[in-house]
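Thanks, everyone. Please bring up the structure on your screens, and I'll walk you through a few places in it.

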Amino acid sequence: MSVTLKAMWRRWTLLTRVVMLLTTLSVLLWPLSRLQNSLGSTAQDLWILVTGALLVCFIPWGIRQARSRFLWSLRNKLAITYLLIGLAPVVLFVTLVLVSAYVAAGQFAIHLVAQRIQTQLEQMQTENTDAAIHFARVLARPETKADLHNLDPSLLGFDRSEIAQGQVAIFVDRQPALLAAGTGIEHSNLGMPDWTPPREGFHGIVVDDGHLYLAAVTQRRSRNGHSVTIMRSMPLDRHIMELVAQGLGRASLVPSLAETTSSTLRTNLSMARRNDPKAQSVSGGSFPGGVNLLDLPVHFFSTIPLTVWDTAAKENIPVEVDSRPSLLYTQLFAVSIEGLVPELIRVLLIVLCVVFAVIEAFAFYMAMRLSSTITASVSDLYGATLAIDRGDFAHRIHVTRTDQLAELSRAFNRMTGSLQRLLLEQQEKERLQNELSIAQEVQANLFPPGDVKVPTLELHGVCRPARTVSGDYYDFLVYQDDDQPPTGVGIAIGDISGKGISAALLMATLHSAVRAYRFASGEISQLPNGSDEPCEELFDSPGHILGLLNRHLYRSTQPEKYATLFLAQYDVARSLLTYSNAGQLPPLVLRRDRSVQRLEEGGTVVGLMDNMSYKDGSVTLQAGDIFIGYSDGVTEPENDFGDFGEQRLLEVVWRYRNEPLHVISAQVLQALDAWIGDAEQPDDITLVLARRV
């Protein structure tokens, strides 16, 4: 088995494999089953078994294949839908019309046969009536002899041949009247029945001793009180059926299929069939050839009434007619078949059929056009989706129509264009996000470690941006010479106006400036009194540093940009905190006796106005005192109950005052999150804690 066949075998389902195997076995067993020996007989049995199993499996397999392959295409589905919805009713209607026309034509043919037989019977009845009236008058004459043996039949208006052939029988007072030598009842086809004919007479098809007759019976009463009964009959044989079927085709009476419940009639018919094979049916006429392809045979079967002569019981006898539409049409318009009206009717029928055919063809053509339009649009959309799935977002559907499907294609093109733009924007956003991630990482490196310890003081800080990067700022600057213990620490807390990247850049500028003034103070020309004090002593006056920073930011940033900043220096030896506040929310010193001191000395914000001066303030920290520095993101978040506020901040810090600083910080942030709830964090949150130990 080749690689291709192996791949196909793996893709086939179990049912497909079974069908393929059974088909192969059936093909292989077929030539063996043709052998004329025991092997051939066994192979034939196996072939029948395999073929039967193949048929059983093929039906569900074919349905599944049709659904998965043929019906997968929308074009095929629409074609089948049209056939079911549009063509099927037409086919059903045409079938109904043809069946109705066939039934009507057959019934018309049966009607013609019955009418012709009835016409013959009515003619016999009319002759009987005239003869009975004449005979009643003859009997009433005085000169008429009582003995009717020698009465000349011609005087009564009868033909001797009719009487001789037994076609006419005469009864007076229900007794046979012998009219002349060699004539009379002994030569009659039918005898006087036991039942009395009705007043208006009787005529119809009768059966007597298994033979069929056309019979007519008329009864009249003469003026001298005699009852005259005249009975005419003739065998219903091929000669009569030839007359009945003339110009119609072939007509047959089938006594063998007679519908009867009479045991006597069944017995008589059975005996007649055994004695006379021709009694199986009585036929007349011949089946003609068609005049054209549409002149199809019309074979119809029905029944006509039959009377049992002995009992007057009503039965039915089957009648069959074989004809053609051309003959029936001729009989229908027999009066004026060569006239203008029949020809006009025929032409109108042909024109109507042609018009209907043209309408149906046009409807089919329009349905195919509409189906093609729909399937073309769907095919274009499907191809476009495959192109999009491959990543070809530049693919567009060529649209020339103006219908709803065309608008759908245009909408798909607009969607594809929007998707392409969104992907480009997403790529740009991802690029910016990557840059923001880098900026966030760089900014995180600007912040000091979360926990810092110097002798007699422990510090902790945290900053949680509202966005990717923060405009808040805090820093710890430890004063320490080489291999010497720290002598102090600088604390910086700031808040840049605005949020996002611009605030983060300004924050980085402020961070760099503070650090520059701290570590490169030797290069600043504005040293007090031209002294050569060590760089650490620069922070002895935080207000002076704020003035330098104000001048720097004012001259290097846009006018609307500013920052609030708190600078402080803690002296380890004296436990003295010297500070200056430039517009920052005043940090709080929470004493062990729960008193609170606000650090408000300083001036206005930095970077807004030039040549501003800032005052210094100082506070001595006692053991257990907690310094709380914060931005407005801590106290200003709101909910339905108002701001979080300074008081709640102090309550949380006081409740956990004996815990490590990072625990106090976590509890503050947790209380803030609970206060904000599901809302977005409104501002950057910065919290700096320091505790005297």
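Start at Arg 594. Arg 594 sits in the loop between strand S16, residues 588-590, and strand S17, residues 596-598. This is a predicted model, so please keep that in mind throughout. Arg 594 is not a glycine, yet its phi is positive, about 75°. Most residues other than glycine have a negative phi. Is Arg 594 buried or exposed? Neither one fully: Arg 594 counts as partly exposed, at 47% relative accessibility.

Now look at Ala 312. Ala 312 also has a positive phi, about 65°, and is not a glycine. Find Ala 312 in the loop between S8 and S9. Ala 312 is partly exposed, with a relative accessible area of 26%. The two strands on either side of that loop are partners. Strand S8 covers residues 298-308, and strand S9 covers residues 314-323. S8 and S9 pair in the antiparallel sense over 10 bridges. For one facing pair, take Pro 305, which stands opposite Asn 316 in S9.

Let's step back to the sheet. Which strands make up this open sheet, and in what order? There are nine, and the order is S2-S1-S5-S4-S3-S8-S9-S6-S7. The pairing is mixed. At the edges are strand S2, residues 175-176, and strand S7, residues 282-285. Each edge strand pairs on one side only.

Stay in this sheet for two hairpins. Strand S3, residues 202-208, runs antiparallel to strand S4, residues 211-221, and seven bridges join them. Asp 208 stands opposite His 211 in S4. Two residues lie between the strands of this hairpin, and Asp 209 takes a positive phi near 55° there. The next hairpin joins S4 to strand S5, residues 227-235. S4 and S5 run antiparallel, with nine bridges between them. Here Arg 221 faces Ser 227 in S5. How many residues lie between the strands of the hairpin of S4 and S5? Five, and in this hairpin Gly 225 takes a positive phi near 95°.

Next, the largest pocket. About 1600 Å³ of space lies in the largest pocket. Its lining has 34 residues, and the closest to the centre are Leu 98, Ala 101, Leu 294, Leu 349 and Cys 353. Three elements give two or more residues to the lining: helix H4, 74-139, helix H8, 325-332, and helix H9, 340-389. Which of these gives the most? H9 does, with 10 residues. As for character, the lining divides into 28 nonpolar residues, three polar and three charged.

While we're on H9, find Thr 385, which is in that helix. Thr 385 is partly exposed, with a relative accessible area of 36%. Thr 385 and Phe 412 are 27 residues apart in sequence, and their C-alpha atoms are 9.3 Å apart in space.

On to the cores. In soluble globular proteins, nonpolar side chains tend to be buried together. The largest nonpolar core here has 47 residues. Leu 459, Leu 549 and Phe 627 touch the most other members. Helix H11, residues 500-519, supplies the largest share of this core, seven residues. There is a second, separate core of 32 residues, which includes Ile 110, Leu 253, Val 308 and Val 319.

Zoom in on Phe 627. Beyond its neighbours within four places in sequence, Phe 627 has a list of contacts, including Ile 491, Ile 493, Phe 566, Leu 577 and Pro 587. Val 688, Leu 689 and Ala 690 are also among them.

Ile 493 leads us to another strand pair. Ile 493, in S13, is the bridge partner of Tyr 474. Strand S12, residues 472-479, pairs with strand S13, residues 488-496, in the antiparallel sense over eight bridges. S12 is mostly covered: seven of its eight residues are buried.

Last stop, Asp 683. Look for Asp 683 in the loop between helix H15, 661-676, and strand S23, 685-692. Is Asp 683 buried or exposed? Asp 683 has a relative accessible area of 15%, so this residue counts as buried, since the cut-off for buried is under 20%. What does Asp 683 touch, not counting residues up to four places away in sequence? The residues are Ala 466, Lys 499, Asp 632 and Gly 633.

That's the tour. Over to you.

How values were computed. Residues numbered from 1 in each chain as written. Predicted model: local features only at pLDDT ≥ 70, side-chain atom pairs only at ≥ 80, totals over all residues. Heavy atoms only, no water. 1 Å grid on protein atoms, 1.4 Å probe; cavity = no way out; pocket = protein on both sides within 12 Å on 5 of 7 lines; lining within 4 Å. Points joined across faces, edges and corners; volume = space filled by probe spheres on them. Helix = DSSP H or I, 4+ residues; strand = E, 2+ residues; numbered from the N terminus. Nonpolar A, V, L, I, M, F, W, Y, C, P; charged D, E, K, R; others polar. Core = buried A, V, L, I, M, F, W, Y, C linked by side-chain atoms within 4.5 Å. Buried < 20%, exposed > 50% of the residue type's maximum accessible area, 1.4 Å probe, protein only. Contact = heavy atoms within 4.5 Å. Pairing = 2+ DSSP bridges.
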